[in-house]
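Dear colleague,

Please find below the structure for your records. My notes on what was found in it follow directly after.

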There are 2 protein chains.
Amino acid sequence: MYDTKMNWDDIKIFLEVARSERLSTAAKRLSIDASTLSRRVHKLEESLSTKLFERTVEGHKLTQNGDKLLQFARQMELNASQAFKNITDENIQNSGQVRIGVTEAFGSFFISPHLIALQESFPNIDIELLHFSRNVKISRNEADIAIAVEKPKNTSTIISKLCDYQLQLYGHKTYLDKVMGRIDLSQLSSYRWVSYVDNLLFTEQLSYLKELDSNIKPHFQSTSITSQYTAIKSGLGIGILPCFLAEQDKSLIKLCSNEIKVIRSLYLITHPESKRLSHVNSVWQYLKQLVADKRTVLMPDN
Amino acid sequence: MYDTKMNWDDIKIFLEVARSERLSTAAKRLSIDASTLSRRVHKLEESLSTKLFERTVEGHKLTQNGDKLLQFARQMELNASQAFKNITDENIQNSGQVRIGVTEAFGSFFISPHLIALQESFPNIDIELLHFSRNVKISRNEADIAIAVEKPKNTSTIISKLCDYQLQLYGHKTYLDKVMGRIDLSQLSSYRWVSYVDNLLFTEQLSYLKELDSNIKPHFQSTSITSQYTAIKSGLGIGILPCFLAEQDKSLIKLCSNEIKVIRSLYLITHPESKRLSHVNSVWQYLKQLVADKRTVLMPDN
DNA sequence: GTTAGTATTTGCAAAAATGCAATGCTTGTT
DNA sequence: AACAAGCATTGCATTTTTGCAAATACTAAC
């Protein structure tokens with residue numbers, strides 16, 4: 001993992017030196033002796049095998065690596081102060097920060113609209129929606145709750161199926177007019193397709209086209225589902241879109257709805273260490289309830 | 001701020017005890033003596049004036065406050081390991097994590113679609129989009145770059161105007177049919193309005209209706225702009241929407257476009273400590289370029 | 001060129017933290 | 001009931017860290 005010889009407390013004092021740019025003033029602010037400070041900074045540099053400061057006449061200036069450390073040290077400081085605040089403040093029930101990691105489409109078009117309602121239900125919970133372009137690493141604590149299209153291999157996580165969602169073929173009038181308003185199922189590869197950039201997919205779950213017809217060569221590719229949506233809307237071609245995204249836009253026409261139908265699942269993932277926190281669990285339950293309520297948006301055919 | 005007497009390194013060892021649930025095994029894993037461990041855990045508890053563990057026969061079980069600390073301790077661990085990785089790995093130029101804090105509308109409808117392109121331009125930069133429902137506190141390091149509708153009062157931040165964006169009055173055919181397809185400017189308060197929940201606004205910048213006619217009483221209110229969008233779309237009433245959101249949906253009709261026009265600005269905010277990091281600066285520049293390229297989407301009339 | 005001033009580092013004694021051995025506590029076994 | 005085993009804690013000698021004072025380095029002013 002990482003070097004446990006690094007003393008986290010030295011990072012705390014590093015922060016102060018980086019900000020004061022002067023060992024002596026940092027020492028005063030920390031109420032420790034400048035000599036101690038000097039020695040501890042050197043110790044930290046040794047444990048990282050790098051120089052963190054350039055000792056100039058103008059004081060301690062951060063090196064490039066010092067800058068890098070500063071970035072994370074600041075986050076550690078934020079966490080430490082949040083921890084302190086959470087613990088010493090009168091224990092407000094069901095309060096704290098919950099970071100939800102989502103994929104683009106589900107995040108922007110399904111969760112986002114209900115995020116604020118969630119915040120109204122739990123005024124003391126601070127929700128953060130994180131858009132990751134790859135799978136969130138719950139085990140690495142990048143988020144408290146992840147919503148993913150595939151189950152992580154990782155064993156140390158709590159996984160619960162959130163829902164199924166349906167995807168269908170959609171097109172816009174502009175393009176359909178060009179192809180006489182009909183899609184011939186036996187000639188799928190002759191149309192202009194909008195899809196993901198194959199080799200940039202972080203999961204096989206999104207390679208819909210291969211399931212339909214391996215001969216299809218997409219005409220417009222994007223790693224962003226929103227871009228695909230916009231492309232289809234502007235008549236660039238046809239493509240597979242989640243119904244919860246496409247159905248809210250009446251200008252899109254559902255095509256071959258009985259023949260072409262893709263079902264995918266979403267999984268709710270968390271870490272045992274997070275799950276037992278009441279506020280994380282509240283959000284978990286809320287999300288479960290939300291998809292239950294919006295079942296018809298996710299699976300229009302059921 | 002917070003108690004500086006808290007030793008961050010004690011949080012590191014706390015983590016191990018919380019996970020091992022056993023002082024002795026935690027000691028082995030940390031290669032320090034169990035007695036030291038015991039003393040340091042007690043010291044941490046003292047400095048926080050709280051009990052972190054319930055010492056039971058089954059080992060050290062976290063208390064409620066222990067759980068709270070664990071949550072933040074895990075994040076600190078992630079940060080520490082990222083810092084270590086970033087510094088010890090061969091210095092890959094322009095790499096690292098950049099957290100962009102955005103508001104709902106701009107995040108979901110403007111940034112999100114281009115987020116992946118950004119990631120393609122800078123493959124070594126990890127982008128995180130954070131949706132905050134309030135102003136992001138850059139000074140507290142909640143994000144590396146914030147995009148906000150008003151300048152923060154805080155002096156210690158770097159602020160740069162990102163762009164102006166235009167908002168207009170929109171409605172859907174469903175509702176317009178009910179009011180004979182015309183909006184009478186002298187009778188604005190007689191229509192059904194969709195808007196924000198006044199007293200929940202985190203900034204005055206979003207109280208558009210007061211500027212138009214103080215007599216308007218909204219018929220549908222939501223703190224979520226996406227919900228307002230959906231409400232207007234479904235014919236619940238008319239409302240002010242950002243053009244970059246509404247223009248992409250041809251089913252919405254722009255109303256009184258010459259008479260009712262709201263202009264707002266967005267500001268790019270960062271912290272001096274972040275700004276000098278090359279990867280944060282790269283993203284900053286990218287965002288500047290992006291709004292320049294998409295000028296017409298943000299300000300259709302110019 | 002000398003001197004005063006400020007800032008960081010080093011020497012050393014005092015203070016604090018650590019490891020080891022021993023103690024006390026509980027549980028499960030004979 | 002006695003005993004062994006496992007665990008957290010305490011006493012004490014040892015090691016490490018700390019603060020103070022002194023030393024060193026460097027600049028700026030006269």
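In this predicted model, DNA strand D is surrounded by 17 residues, and the closest of them are Thr36(A), Arg39(A), Leu23(B), Ser24(B) and Ser38(B). Of the strand D atoms within 4 Å of the protein, 64% are sugar or phosphate atoms, while the rest belong to bases. Three polar contacts to phosphate oxygens of strand D may be of interest to you:

- Thr36(A) places a polar side-chain atom 2.6 Å from a phosphate oxygen.
- Ser38(B) has a polar side-chain atom 2.7 Å from a phosphate oxygen.
- Leu23(B) has a polar backbone atom 2.8 Å from a phosphate oxygen.

At least two residues of the surface near strand D come from each of H3 of chain A, helix H2 (23-30) of chain B and H3 of chain B. H3(B) gives the most, with 5 residues. By type, the residues of this surface comprise 4 nonpolar, 7 polar and 6 charged.

Turning to DNA strand C, 17 residues lie around it, and Ser24(A), Ser35(A), Ser38(A), Ser35(B) and Thr36(B) come nearest. Sugar or phosphate accounts for 64% of the strand C atoms within 4 Å of the protein, and bases account for the rest. Polar backbone atoms approach phosphate oxygens of strand C from both chains: that of Leu23(A) is at 3.1 Å, and that of Asp33(B) is at 3.0 Å. A base is also contacted, as an N or O atom in the side chain of Ser35(B) is 3.0 Å from a base nitrogen of strand C.

Helix H2 (23-30) and helix H3 (34-48) of chain A, together with helix H3 (34-48) of chain B, each supply at least two residues of the surface near strand C. The largest share, 5 residues, comes from H3(A). This surface holds 4 nonpolar, 7 polar and 6 charged residues.

As regards the protein itself, the domain assignment of chain A gives domain 1 (8-88), domain 2 (96-163 + 266-295) and domain 3 (165-264). The C-alpha centres of domains 1 and 2 of chain A lie 34 Å apart.

One helix pair in chain A is also worth recording. The axes of helix H5 (residues 104-121) and helix H8 (residues 225-233) of chain A come within 8 Å and cross at roughly 70 degrees; H5(A) and H8(A) are therefore roughly perpendicular to each other. Glu104(A), Ala105(A) and Phe109(A) of H5(A) make the contact with Ile225(A), Thr226(A) and Tyr229(A) of H8(A). Of the residues in this contact, 4 are nonpolar, 1 is polar and 1 is charged.

With kind regards

Methods: Residues numbered from 1 in each chain as written. Chains lettered and ligands numbered in written order. Predicted model: local features only at pLDDT ≥ 70, side-chain atom pairs only at ≥ 80, totals over all residues. Heavy atoms only, no water. Near = heavy atom within 4 Å. Polar contact = N/O pair within 3.5 Å; in protein donor to acceptor, adjacent residues only side chain to side chain. Helix = DSSP H or I, 4+ residues; strand = E, 2+ residues; numbered from the N terminus. Nonpolar A, V, L, I, M, F, W, Y, C, P; charged D, E, K, R; others polar. Axes fitted to C-alpha atoms, helices over the stretch in contact; angles between N-to-C directions. Parallel < 35°, antiparallel > 145°, perpendicular 65-115°, else oblique. Contact = heavy atoms within 4.5 Å. Domains from an automatic or database assignment.
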